[in-house]
Amino acid sequence: MSHRMTISPLLSKFAGLGAFLSLGLFLAGLFISKFNEDFGEFLILCSPTLPLLPMVLAFHQLHRPRFPYWSHAIRVIGIIGAASVLIGYVLGLLNPANFSPYISGFVLCTIGCIGLWLILNGLLGLQTRVVPRLLAMLSVVVGVAWLIGIGSTVIGLFNSLLVQSFIGFLGINILALVLGYLLWTVWAGYWFLTNRASNISV
């Protein structure tokens with residue numbers, strides 16, 4: 001029995017544009033961090049949040065016909081992660097002008113939801129087959145690298161010596177995260193912008 005997965009062309013366009021906006025913030029953060037580490041880190045953490053909200057909604061519409069309950073749960077996780085920076089502002093826990101002293105474990109954990117969303121969304125994509133298989137697998141890899149990065153930051157707030165003992169592994173993880181996220185955003189952004197997700201039968 002075939003299932004038709006459809007999303008509106010407008011949402012597909014917004015999802016694609018959001019992916020490239022996220023990519024732009026990510027690259028800007030990497031560049032600016034050479035001159036202003038705090039603000040650069042802030043932009044990097046912003047990059048996979050609000051700009052990816054249309055993509056969270058778009059993937060939900062694609063997965064919902066076959067796995068409605070899982071898709072709804074994963075969408076909630078994605079929305080929490082996408083709204084994490086806004087939550088930080090409202091609670092006064094995040095200040096881009098002086099990032100490090102004001103960052104809290106709570107905000108980092110909500111941003112970490114993006115990594116969890118990437119993993120679960122990729123696994124669901126492998127089940128529904130509505131996205132290219134390699135793109136879904138890449139989503140899982142990037143999500144794992146993102147969670148490791150966020151987790152090491154949270155641990156570093158309490159025990160910096162422990163984090164430094166794994167500095168070699170964390171360096172490799174950062175490289176995997178940067179390269180993986182660049183590839184995933186470009187591929188997913190192009191996939192949505194070209195309306196390849198607007199009408200799929202599996």
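Start by selecting the contact between helix 1 and helix 2 in this predicted model: on the helix 1 side, pick Leu25, Phe26, Ala28, Gly29, Leu30 and Ile32, and you will find them meeting Phe39, Gly40, Leu43, Ile44 and Cys46 of helix 2. Colour the residues of this contact by type, and they divide into nine nonpolar, two polar and no charged.

Now show the two helix axes. Those of helix 1 and helix 2 (residues 37-46) come within 7 Å and cross at roughly 165°. Angles over 145 degrees count as roughly antiparallel, so helix 1 is roughly antiparallel to helix 2. The crossing of the two is left-handed.

Keep Phe26 selected and add Tyr181. Their rings form a tilted aromatic pair, with 5.0 Å centre to centre and 45° between the planes. Trace the chain from one to the other: Phe26 sits in helix 1 (residues 9-32) and Tyr181 in helix 10 (residues 167-193), 155 residues apart, so to speak a link between distant parts of the chain. Switch on a surface, and Phe26 is buried at 2% relative accessible area; Tyr181 is buried too, with a value of 2%.

Next, select Trp191 and Phe192. This aromatic pair is edge-to-face, at 5.1 Å centre to centre and 75° between the planes. Trp191 is buried, with a relative accessible area of 7%, and Phe192 is buried with 0%.

For the last stop, display Phe26, Phe59, Trp117, Tyr181, Trp184, Trp191 and Phe192 together: ring pairs link these residues into a cluster. The structure holds seven aromatic pairs.

Methods. Residues numbered from 1 in each chain as written. Predicted model: local features only at pLDDT ≥ 70, side-chain atom pairs only at ≥ 80, totals over all residues. Heavy atoms only, no water. Phe/Tyr/Trp six-rings, centres within 6.5 Å; stacked < 30°, edge-to-face > 60°. Helix = DSSP H or I, 4+ residues; strand = E, 2+ residues; numbered from the N terminus. Buried < 20%, exposed > 50% of the residue type's maximum accessible area, 1.4 Å probe, protein only. Axes fitted to C-alpha atoms, helices over the stretch in contact; angles between N-to-C directions. Parallel < 35°, antiparallel > 145°, perpendicular 65-115°, else oblique. Left-handed = near helix turned anticlockwise from the far one by under 90°. Contact = heavy atoms within 4.5 Å. Nonpolar A, V, L, I, M, F, W, Y, C, P; charged D, E, K, R; others polar.
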